[in-house]
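Here's a quick tour of a two-chain model. Have the viewer open and follow along.

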Amino acid sequence: MGKIGLIIWREFITRVRKPSFLIMTVLGPLLIVGGIALVVYLGMQESGAQNIVVIDKAGLLTNKLKETDDIKFYYEPADMSDSVFKASPYSAMVEVNPLVLENNTIQLFYKALPSLSTQNYLSSEIEKVIEKEKLRVNQVDPEVYQRIKTALKVQLFDIDKAGKRSYDQAKAGIGFAFGYLIFIFIFLYGVQVMRGVMEEKQNRVVEVLISSVKPFQLMMGKIIGIALVGLTQFLLWILLTTVLSTVGMSFAKDQISASALEQAGPQVSTQLQGQLGQGLETGGDGDANEQLGMVMDIWNDMPIAAILGLFLFYFLGGYLLYSSMFAAVGAAVDSETDTQQFMLPITLPMMLSIFIAQTAVYNPDGPAVFWCSIIPFTSPVVMMIRIAMGNAFEHPWELALSMGLLIATFIFTTWLAGRIYRTGILMYGKKVTWKEMGKWLFYRG
Amino acid sequence: MLVLEDIVKRFGTHLALDGVSMEVPQGKVFGLLGPNGAGKTTLIRIITRITGPDSGKVLFNGTAMTDADASRLGYLPEERGLYKKMKVGEQALYLARLKGMEKTEATRKLKEWFARWEMDGWWNKKVEELSKGMAQKVQFITTVLHGPKLLILDEPFSGFDPVNAELVRQEILRLRDEGVTVMLSTHNMGSVEELCDHIALIDHSKVVLSGSVREVRQRFSEATYRVDYKGNKVAFADALSFHGELLDHSEAEGLSIARVKLLHNSTVNQVLSAILPAVQVQGVHEEVPRMHDIFIRAVGAKETRPAAAEMTE
């Protein structure tokens, strides 16, 4: 193992061995999966039995709403004052005014906000009754109505990709997720590089080290070592999240399949075949199946290997570009409080790239998106969206230019940072300014 | 062993080293002295190849120094430290391997040192659990472990208690006797007198004084003698008359102590023959100036130092 290898190994192993690494590795996916599960669970959670009083001034609903185990309806023909409602045992009050058939509006008063599912149940129950009433008033046969009722679905096609449905929005979302990962990674681990450099400077271990290795080797060893820590953590996260969500999904499936799938069984399989075969949907109300089909379509449509390869490229390119600057800042200052003024120029383009990335989701061909996907300080985040949408593959020259510029720039910034670094790490007790740092660039090594 | 020729180093407009030349002889302890901000640390960093000179040459065993020679160097900086969270053994091993040692050999040698310096049981301790003196011991060991031919020690005794300082002192002498050349930078003039064979004194980026310790002290000698005698002070002073000047006089427990400066190229013998009839002489010693006084005379009497130095010293 060469000297730089030794440095990389130390940076890697000391961080991976830390309890905080293990905790974050386990906690990360748990937080992601747990967070999603919690949101879903809370949404489905009944807030106990609901006794809902319906003020039926229109006289339409009385005794027509279907009750469930948890939701009971009580009916009152006349207004109930707020204070009476507050004193009553009812948990919620629905006021149905006489004009409901015209304005399609009801008011729900509650003591504690009913869960989303309760709200949905309530509105769909009332909707059914009102619809029925409207059919009766307008003398429409309910069967006819069922036949003419239309739930329109718009399917998008890009004319350049004949016969294929376009999922640009979904793809842009995937690209944004990739870009966001890069953004987070650069920040999280760039700051770790800065802290690591500062630690060596504050510990005064740095002068011992650079009598054995070149400052540039020390800086690069740290940057690469920390990159490996980050990659390891991500790999473990992906692995753990996959395992956890697979377990979670199969658990959820067990719960659902018994009831739901039994009824819809044959329909699902035929629909799925239709979607996969022609990429066209035949209609019906199998929402979950439609989404599954869409995921399959997107999956088949995107050059996954190329996207992952480019993701890795921009991921590492962006990290190398920024972490060398973080290293320079860490070397220039004496304590964390002094980092602020130097952090701003680093964080600004990062922030910009996230803002531009958001606009790119809706307008991938805009000039701001174009320029930011070429300029190396923003390209790692912004270009990922164009890549995921396939836009970048249509303009291979722009992609090549962006990649080439990123490589050239990170070589340049690393060189620049190396010059600031080797002077900065030996400088104590001095208030460093931009001008001062500029001078360091021209000191002879 | 080590020859510096006309080293110049600039930081911006600040001239840190201005034509510094010196020769460090093989197998000796060489004292690099100078006030804060004089350029000592910059010079050491040039020798250890941490920075390069703007002009001038560093010759190691007669040839220009290369990166490969860096592994034959041991450097204990003044500003030194260790990774706080790392274990002592692991860290010492890491530093040794950065110097190019094999893992097994480094481990074996480290265990030897730990046993010799009664540091058994330290291997798996974290550095943050060590006292300052303990950490200094670890640092000294990691500096000399790879068997350097040239050892550069910047304030090696700071942070040590007297017992451990003596341990380090003995170790420096032992290494010197084994043929290792030692460059010692310190403000502790006592240890310079005890340890150093040669010195160079840097002030204002230039070498202002150099040579063997004995020679330098002789050079600063002002022909002053201490005379212990019994008898009458007036008689003593009268007898002295032409040959010497009485600088200082004190009495203790019936013994008179006089400091005498020789005048008109007189010799000690002439003074003695003049005073012997007058008083009873108990002893005569030449007063050779101490390094401390030489240091102050060479640099101290000048104007106040510039407040901000470019690099830390």
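What follows covers the domains, one sheet and the chain contact.

## Domains of chain A

Keep in mind that this is a predicted model. The domain assignment splits chain A in two. Domain 1 is pieced together from residues 3-27, 162-237 and 277-440, while domain 2 is the single stretch 50-148. Going by C-alpha atoms, the centres of domain 1 and domain 2 of chain A sit 53 Å apart.

## A four-stranded sheet

Chain A has an open sheet of four strands, running in the order S2-S1-S3-S4 with mixed pairing. Which strands sit at the edges? They're S2 (71-76) and S4 (107-110) of chain A, each with a pairing partner on one side only. From one strand to the next, the twist averages 25 degrees.

Zoom in on S3 (residues 92-96) and S4 of chain A: the two pair antiparallel, over four bridges. Within S4(A), Gln107(A) is the residue standing opposite Glu95(A). As a general reminder, strands of a sheet pair through backbone hydrogen bonds, either parallel or antiparallel.

## Where the chains meet

How many residues does each chain bring to the contact? Chain A supplies 21 residues and chain B supplies 26. On the chain A side, the elements giving two or more residues are helix H1 (3-17) and helix H8 (206-209). H1(A) makes the largest contribution to that side, with four residues.

As for chemistry, the chain A side that touches chain B breaks down into nine nonpolar, six polar and six charged residues.

Terms used
Residues numbered from 1 in each chain as written. Chains lettered and ligands numbered in written order. Predicted model: local features only at pLDDT ≥ 70, side-chain atom pairs only at ≥ 80, totals over all residues. Contact = placed C-beta atoms within 7 Å. Nonpolar A, V, L, I, M, F, W, Y, C, P; charged D, E, K, R; others polar. Domains from an automatic or database assignment. Pairing = 2+ DSSP bridges. Axes fitted to C-alpha atoms, helices over the stretch in contact; angles between N-to-C directions.
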